[in-house]
Amino acid sequence: MTNPAKTNQPVQDLSLATQNIFLQATALKLGSVWKNLKPPVAGEIKKLLSIPEQYLIINIIPLGYPKEPITPHTEDEFEPKKIHHERW
């Protein structure tokens, strides 16, 4: 969460913080997922967690130990056609 009055780019700030949480979770062998919060649900979460009204929340990040090991992507999954050089 962030106070939009104290930053010019609150969504970007929160997105970067979320990315860092994902990286640390992975380092700790935890699974994580971005759960987007739209305005009606965000308001309910703020109320449930007693978050002051002026703060913005854009997501919630469930963390846990995966049922199955998470394996890195393989070369076989790589699709060169998805790479665009200097244009779409």
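**Exercise 1. Is Glu 86 buried or exposed, and what is its relative accessibility?**

Some ground rules before we start. This is a predicted model, where local features need pLDDT of at least 70 and side-chain atom pairs count only at pLDDT 80 or more, while totals for chains, interfaces and linings use all residues. Residues are numbered from 1 along each chain as its sequence is written, and side-chain values use heavy atoms, with hydrogens and water left out.

*Step 1.* Get the cut-offs straight: buried is under 20% relative accessible area, exposed is over 50%, and partly exposed is in between (1.4 Å probe, protein chains only).

*Step 2.* Glu 86 has 86% relative accessibility, so it counts as exposed.

*Step 3.* Now place Glu 86: look in the segment after β4 (63–64). Helices (H or I, at least four residues) and strands (E, at least two) are DSSP runs, numbered from the N terminus.

*Step 4.* Check the backbone too. Glu 86 has a positive phi, near 65°, despite being a residue other than glycine.

**Exercise 2. Work out the order of helices and strands, and how spread out the chain is.**

*Step 1.* Count the elements: two helices and four strands.

*Step 2.* Going along the sequence, they come as α-β-β-α-β-β.

*Step 3.* The radius of gyration (taken over C-alpha atoms) is 17 Å, well over the 12 Å that the globule rule gives for 88 residues, so the chain is more spread out than a compact globule. That rule is 2.2 Å times the number of residues to the power 0.38.

*Step 4.* Along the principal axes, the C-alpha atoms fill a box of roughly 50 × 40 × 20 Å.

*Step 5.* As for burial, 19% of the 88 residues are buried.

**Exercise 3. Find the largest nonpolar core and say what Ile 57 touches.**

*Step 1.* Know what you're hunting for: a set of buried Ala, Val, Leu, Ile, Met, Phe, Trp, Tyr and Cys residues joined through side-chain atoms within 4.5 Å.

*Step 2.* The largest such core has five residues: Leu 37, Ala 42, Ile 45, Ile 51 and Ile 57.

*Step 3.* Skip residues up to four places away in sequence, and Ile 57 touches Met 1, Leu 37, Ala 42, Ile 45, Lys 46 and Ile 51. Contact here means heavy atoms within 4.5 Å.

*Step 4.* For background, nonpolar side chains in soluble globular proteins tend to be buried together.

**Exercise 4. Compare the surroundings of Trp 34 and Thr 18.**

*Step 1.* Trp 34 sits in the loop between β1 (31–32) and β2 (35–36), and Thr 18 is in helix α1.

*Step 2.* With a relative accessible area of 33%, Trp 34 is partly exposed. Thr 18, at 3%, counts as buried.

*Step 3.* Leaving aside neighbours within four places in sequence, Trp 34 is in contact with Ser 15, Thr 18, Phe 22, Ile 58, Asn 59 and Ile 60.

*Step 4.* With residues up to four places away not counted, Thr 18 touches Trp 34, Asn 59 and Ile 61.

*Step 5.* Back to the residue from the opening exercise: the C-alpha atoms of Trp 34 and Glu 86 are 29 Å apart, with their positions 52 residues apart along the chain.

**Exercise 5. Where is Ser 50, and what is its phi?**

*Step 1.* Look in the loop between α2 (39–49) and β3 (59–60).

*Step 2.* Its phi is near 55°, a positive value in a residue other than glycine.

*Step 3.* Ser 50 counts as exposed, at 63% relative accessibility.
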